Amino acid sequence: MAARKRAPRTQAARAKPAGGRRRPGRGAVSRKTKETDIAVSVELGGLVAAIRTGLPFFDHMLSQIARHGALGLEVYAKGDLEVDAHHTVEDVGIALGEALREALGDKAGLARYGHAVVPLDEALVEAVVDLSGRPHLTFNARLPSGKRFIGDYDVDLTQDFFQALVNHARLTLHVDVRSGRNLHHVVEATFKAVARALRAATVREGTALPSTKGVL
Ligand SMILES: [Mn+2]
């Protein structure tokens, strides 16, 4: 895919015009530490998905966020995978959260609430989102016992990813794994349910701010 050959920084910079003026519905974040080097761009209602984190299963999950969240999403991450995947997954969550927060802007006209219950064969996961401005995660995941890894991906990182996303996008998220036997199914249904809930919460319904408080 041609899009994958472009340099990460150029990708993120492209979503943000010179002078730093914000474009409605879009956010872009570049974040570099001693552990990770990450560029993320988000476009509400966008179509492009280009994702490369060095973790194939995580790429597969971020693709679900893009497709089922109706988000144009570019994620390029180079992390210290020789240590393990934790820094990379968590820092992508931070950068995606920051970019999403920028894309949400003042949230005027957005639905604010979103709810989805998504099956993947025997797995069933519920997610509820509120673009509340207040970070909160409730994560009830009864994972199938006896396995923790899908490929190189430690499923423990799923909660760390959503915690980072919630903290930096400043949203409320409740995840309930209702049932499931296959670990891949359970984790994938979790990402899809969160994506569907996000899609519903970020849909444009009008122009009013979805809060009687006057700010979100
Ligand atoms: Mn899958």
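Helix 3 passes helix 4 in a right-handed crossing, and this makes a good starting point for a walk through what is a predicted model. The axes of helix 3 (residues 86-104) and helix 4 come within 7 Å, crossing at roughly 30°. Angles under 35 degrees count as roughly parallel, so helix 3 is roughly parallel to helix 4.

On the helix 3 side, the contact is built from H86, V89, E90, G93, I94, L96, G97, E98, L100 and R101. Helix 4 answers with L157, D160, F161, F162, A164, L165, N167, H168 and A169. Sorted by class, the residues of this contact of helix 3 with helix 4 come to 10 nonpolar, 5 polar and 4 charged.

Let us now look at the second helix pair. Helix 2 also passes its partner, helix 5, in a right-handed crossing. Helix 2 and helix 5 pack at an angle of about 30°, and their axes are 8 Å apart, which makes helix 2 roughly parallel to helix 5. From helix 2 the contact takes M61, Q64, I65, H68 and G69, while helix 5 brings V187, E188, F191, K192, A195, R196, L198 and R199. The contact of helix 2 with helix 5 has 6 nonpolar, 3 polar and 4 charged residues.

**The sheet with strands 1 to 4**

Four strands make an open sheet with mixed pairing, in the order 1-2-4-3. Strand 1 (26-32) and strand 3 are its edge strands, each pairing on one side only. Neighbouring strands in this sheet are turned by 5° against each other on average, direction ignored.

Strand 1 pairs with strand 2 (residues 36-44) in the antiparallel sense, and R26 stands opposite E43 in strand 2. Helix 3 packs on this sheet, where it touches strand 1, strand 2 and strand 4; its direction makes about 35° with that of strand 2.

At the other edge, strand 3 (residues 49-52) and strand 4 (residues 71-79) pair in the parallel sense, with I51 opposite V75 in strand 4. To get from strand 3 to strand 4 the chain goes through helix 2 (residues 56-69), and this β-α-β crossover is left-handed.

**The sheet with strands 5, 6, 7 and 10**

Another open sheet of 4 strands has the order 5-6-10-7, again with mixed pairing. Strand 5 (113-120) and strand 7 (136-140) stand at the edges with a single partner strand each, so one side of each is left without a neighbour in the sheet. Here neighbouring strands are turned by 10° against each other on average, direction ignored.

Strand 6 (residues 123-130) and strand 10 (residues 172-179) run antiparallel in their pairing, and V125 stands opposite V177 in strand 10. Helix 4 (residues 157-169) packs on this sheet, touching strand 7 and strand 10, and its direction makes about 160° with that of strand 7. Helix 5 (residues 183-201) lies across strand 5, strand 6 and strand 10, running at about 150° to strand 5.

**Strand pairs side by side**

The three strand pairs described above can be set out together.

| Strand pair | Sense | Bridges |
|---|---|---|
| Strand 1 and strand 2 | antiparallel | 7 bridges |
| Strand 3 and strand 4 | parallel | 4 bridges |
| Strand 6 and strand 10 | antiparallel | 7 bridges |

**Putting the pieces together**

Helix 3 packs on the sheet of order 1-2-4-3, and helix 4 packs on the sheet of order 5-6-10-7. These two helices are the ones whose axes come within 7 Å. Helix 2, which the chain uses to cross from strand 3 to strand 4, packs with helix 5, and helix 5 in turn lies across strand 5, strand 6 and strand 10.

Note on methods:
Residues numbered from 1 in each chain as written. Predicted model: local features only at pLDDT ≥ 70, side-chain atom pairs only at ≥ 80, totals over all residues. Pairing = 2+ DSSP bridges. Right-handed = clockwise from strand over helix to strand, strands pointing away. Axes fitted to C-alpha atoms, helices over the stretch in contact; angles between N-to-C directions. Contact = placed C-beta atoms within 7 Å. Parallel < 35°, antiparallel > 145°, perpendicular 65-115°, else oblique. Left-handed = near helix turned anticlockwise from the far one by under 90°. Nonpolar A, V, L, I, M, F, W, Y, C, P; charged D, E, K, R; others polar.
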